[in-house]
Every structure is written in structure tokens, then in C-alpha cells.
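Open your viewer and get ready to click through some ring-shaped side chains. We will go stop by stop, so take your time.

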Amino acid sequence: MTSFEIRDPVFATYVMGNAPLKRLATGFDWVEGPVWFGDQNCLLFSDIPNNRILRWTEEGITTFRAPSQFANGHTRDRQGRLISCEHGTRRVTRTEWDGTVTVLADSFEGKPLNSPNDVVVARDGTIWFTDPHYGIMTDYEGFRAPQELPCAVYRLPPDGKLEAMITDMACPNGLAFSPDESRLYVADTGRMFSADPQSIRVFDMVAGRPENGRLFHKISPGCADGMRVDTEGNLWSSAADGVHCLAPDGRLLGKILVPEIVSNLCFGGRAKHRLFITATTSLYAVVLNRNGM
Ligand code: MG
């Protein structure tokens, strides 16, 4: 069922007309946070309203963790451990090799975090995560609570001292580093139900700090909830009509059209050239002629 929208001729070389978009599984309520485990040939992802983390393999879907504390975004640290953002407990956790869960961050300057949303780990082991207020703004997850901190992007270095790095975005959400980590991309999905254009900002990383924040691209339709980069520095972003591929200069190169609103994505498979896509009620995948980071 794949259809691609080519905006720049180079995008035609990124996709394969004979490799269709596959719906791997469906029947969920709102899926998010895909993370690839090549050592287990499986993908973990969140079904947030159903309070569970699911595990996909070629054999099917099983439950990895339930309850999941309404986990949203995930990644792996440099040692391969699972790092998770949890709405229900308003924290970022690490799952150790023995299966125990360690809380990495749940407050800043004595106040509870809002609802950590998405997370990446830099090469030096520093964990970067976003903390918008979505998880405490609505009753649908049952965690409506007063917001005590601004929506922010935090960094947590291996020494464990949490630091707020970006505090002037409405609702920072997905985030990704460029392949050489000279740039940090952060999606601003804005106030809930706002009609404002949804933007991706790019920052130059200067001595480990994001500086010179500026508009990179405005996703339309929809918003850049989750993003990943490929090895050549193209940014692949979620959107309402599928996945948009953006060049390092911010130009839209093309789209993978998906029949449901896309929330997030990640590269996986043996060559990291299979793009896994979480989209509303379903998990999709498509093989590309690009390799993900
Ligand atoms: Mg998100």
C-alpha cells in the first residue's frame, strides 16, 4: 500500500517502489515510542492509553510490560539498556539488565517533572529528554495535575546532575541529534488543540550546549511528534499524512504516505534500513534505501 510523494528527485533513490509499506499489527489505541533491539530482533513500542509496552517480532505481538506507567518515548543508552519516558509517574527510567527499573529523573529543583515525552542518548552517555505537559493536561490518562515546571528540554549527564537546557518552547516533543552531534533538532508540537503551525527547531551544539535555536521546518499537515536521522543527516519526521523526509537544509524531499496519523518512527532491522512507524492504532514498516542512525 505504499505510495510515496516525491518532492525532490533524490528522494526517489531513498525509497523502493517494490518495497511496500506493511501494516505489521493494528487494534491499538495510540501507539508511540518505537525502539529497535537488534540483539533480540524485536521492536518495543508504547500503547499509551492501554498502559502497556508491546514487543513486536516477526512471530507477532506480546506484552513487554504492563502496567507501563503510561510510558511514551523510548531509546537505548550506550550500553543498550532501555530508557523510557513515563507519563503516569512523571519520570525517566532505565531498565537494567536484570530487569529492575532505576529512576533517573523525576523532579527538577524540587518540583515534579510534567510528563517526559521523548528521549535520546548522546555518544558521551548524556540523556536528553523533553518534558511537555501533555500527560498532565487531560483526564484521558487519569493524571490531570497542576503544572509546576515550564515545558523544557533537559540533559542528564552520566554524573547525574539534571539541567534544563531549553525552556522557551511551547511543547518540546520529539528530538534527534545530527549524525555528528553538531546539531540538535527539537519538535515543538505546541499547545494542545492549538491551530498554530507546528515547527521543528534546530540548535547548534556548542561545547555540549544547544545554542542559536532557529526554525528548521514547519511540518504540514500535522506535527513532528517523533523524528530520527539517517546516516547522511536527513531528518525523518512524523506528520499527519505520513513520514516526511527533510534535507539537512530543511527542504522537504518527499513523503511516505501512511493511512493513519503518524506519531513516531525509528530505524531497525539488520542494516538499520527498515523504518518502523507508529501511527495511531497501528504499527507499520517500510524498507528504505537509507540507513538510520
Ligand atoms: Mg512524542
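Here is a short tour of aromatic rings and the charges that sit over them.

This is a predicted model, where local features need pLDDT of at least 70, side-chain atom pairs count only at pLDDT 80 or more, and totals for chains, interfaces and linings use all residues. Residues are numbered from 1 along each chain as its sequence is written, and side-chain values use heavy atoms, with hydrogens and water left out.

**Stop one.** The structure holds 11 aromatic pairs (rings of Phe, Tyr and Trp, the last by its six-membered ring, with centres within 6.5 Å; planes under 30 degrees apart are stacked, over 60 edge-to-face, the rest tilted). Select Phe 108 and Tyr 154: this pair is edge-to-face, at 5.2 Å centre to centre and 65 degrees between the planes. Phe 108 lies in strand S11 and Tyr 154 in strand S15, 46 residues apart (strands are DSSP runs of E, at least two residues, numbered from the N terminus). Are these rings buried or exposed? Phe 108 is buried at 14% relative accessible area, and Tyr 154 is buried at 1% (buried means under 20%, exposed over 50%, partly exposed in between, with a 1.4 Å probe and protein chains only).

**Stop two.** Now select Trp 128 and Phe 177, which are edge-to-face because their planes meet at 85 degrees, with centres 5.7 Å apart. Trp 128 belongs to strand S14 and Phe 177 to strand S17, 49 residues apart.

**Stop three.** Select Phe 11, Tyr 14, Trp 236 and Phe 267, a cluster linked by ring pairs.

**Last stop.** Select Arg 76, whose charged end sits over the ring of Phe 37, 3.8 Å from its centre (NZ of Lys or CZ of Arg within 6 Å of the ring centre and within 35 degrees of the ring normal).

Key: Helix = DSSP H or I, 4+ residues; strand = E, 2+ residues; numbered from the N terminus.
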